[in-house]
Amino acid sequence: MNSYVLGFQDTDKTKLAIVGGKGANLGELSKIKGIQVPEGFCVTTEAYQEMIGNNEEFHSLLDQLSLLKSDNREGIGKISAKIRTVIEGITIPKDINHEITRHLEQLGENNAYAVRSSATAEDLPTASFAGQQDTYLNIIGKEAILGTSASAGHRCLPTVP
């Protein structure tokens with residue numbers, strides 16, 4: 001069975017490569033007695049790979065991006081914008097949508113959520129990428145979270161891996 005979604009209680013620092021820095025840290029915090037972490041869940045890198053794994057346009061753009069020199073900010077910006085557009089246009093597969101929906105229903109679909117992107121290389125002892133991820137606060141309802149390419153969930157996917 002695929003693990004597209006993990007609750008905070010199933011997450012810790014050993015799952016950094018699966019849920020990213022924010023997810024791993026929220027899992028760790030949720031296990032500390034006396035610390036109150038709101039219930040939540042992480043969409044895993046496995047879900048991300050399922051969504052973008054065979055997308056030829058995405059991979060072509062990544063290849064183009066890798067050929068640019070770091071001082072070519074305009075080129076990097078243009079290709080990065082195209083990559084974001086491609087990812088935001090991807091339809092979330094039914095099995096991933098179902099798993100996210102199931103977790104939302106368990107926690108309360110009409111609650112307000114923080115939808116945040118994370119990266120597997122953030123919050124490391126030797127590196128920080130503060131401010132480079134997306135955060136959307138007070139997002140309410142399944143459609144607002146994953147319904148359209150303009151939803152908070154889609155906007156966070158580009159920075160998951």
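Helices are DSSP runs of H or I with at least four residues, numbered from the N terminus. The legends below use these numbers for a predicted model.

**Figure 1. Overview of the protein chain, with seven helices and four strands.** Read from the N terminus, the elements follow the order β-α-β-α-α-α-α-β-β-α-α. Of the 161 residues in the chain, 38% are buried. The accessible surface comes to about 9700 Å², and carbon and sulfur atoms account for 51% of this area. Among contacts between residues at least 6 apart in sequence, 63% join residues at least 24 apart.

**Figure 2. Close-up of His-103 in helix 5 (residues 94-107).** His-103 has a relative accessible area of 12% and is therefore buried, since the cut-off for buried is under 20%. The side chain of His-103 reaches the backbone oxygen of Glu-99 at 3.1 Å. Leaving out residues up to four places away in sequence, His-103 touches Val-5, Gly-7 and Phe-41.

**Figure 3. Close-up of the largest nonpolar core, which has 23 residues.** The residues with the most contacts inside this core are Ile-52, Phe-58, Ile-96, Ile-100 and Ile-145. At least two core residues come from each of helix 2 (45-52), helix 3 (56-66), helix 4 (73-88), helix 5, strand 3 (112-116) and helix 6 (142-147). Another core, of five residues, lies apart from it; among its members are Leu-6, Val-19, Ala-24 and Cys-42. In soluble globular proteins, nonpolar side chains tend to be buried together. Ile-96, from the 23-residue core, touches Tyr-4, Ala-47, Glu-50 and Met-51, not counting residues up to four places away in sequence.

**Figure 4. Close-up of a nonpolar patch on the surface, formed by Leu-29, Ile-32 and Ile-35.** Together these residues have about 240 Å² of accessible area. Ile-32 sits in the loop between helix 1 (16-30) and strand 2 (41-43). With a relative accessible area of 44%, Ile-32 is partly exposed.

**Figure 5. Close-up of two salt bridges, the number found in a search of the whole structure.** In one, the side chains of Lys-78 and Glu-74 meet at 3.1 Å, N to O. Both residues lie in helix 4, four residues apart, or about one turn of the helix. Glu-74 counts as exposed because its relative accessibility is 57%. In another, Arg-84 pairs with Glu-88, and the closest N and O atoms are 3.0 Å apart. Arg-84 and Glu-88 are separated by about one helical turn because they are four residues apart in helix 4. Arg-84 is partly exposed, at 26% relative accessible area, whereas Glu-88 counts as buried, at 15%.

**Figure 6. Close-up of Ala-114 in strand 3.** Ala-114 has a relative accessible area of 48%, so this residue is partly exposed. Apart from neighbours within four places in sequence, Ala-114 is in contact with Tyr-136 and Leu-137. Ala-114 and Gly-40 are 74 residues apart in sequence, and their C-alpha atoms are 9.1 Å apart in space.

**Figure 7. Close-up of Asn-138 in strand 4 (residues 135-140).** The phi of Asn-138 is near 55°, a positive value in a residue other than glycine. Most residues other than glycine have a negative phi. Asn-138 is exposed, with a relative accessible area of 61%.

Key: Residues are numbered from 1 along each chain as its sequence is written. This is a predicted model: local features need pLDDT of at least 70, side-chain atom pairs count only at pLDDT 80 or more; totals for chains, interfaces and linings use all residues. Side-chain values use heavy atoms; hydrogens and water are left out. Patches are made of residues with over 30% relative accessible area and no salt bridge: like charges are joined within 9 Å, nonpolar side chains (Val, Leu, Ile, Met, Phe, Trp, Tyr) within 5 Å. Accessible areas come from the Shrake-Rupley method with a 1.4 Å probe; for residues, only the protein chains shown count as cover. A salt bridge is a side-chain nitrogen of Lys or Arg within 4 Å of a carboxyl oxygen of Asp or Glu. Buried means under 20% relative accessible area, exposed over 50%, partly exposed in between (1.4 Å probe, protein chains only). A polar contact is a pair of N or O atoms within 3.5 Å; within protein, one must be able to donate a hydrogen and the other to accept it, and residues adjacent in sequence count only if both atoms are side-chain atoms. Contact means heavy atoms within 4.5 Å. A nonpolar core is a set of buried Ala, Val, Leu, Ile, Met, Phe, Trp, Tyr and Cys residues joined through side-chain atoms within 4.5 Å.
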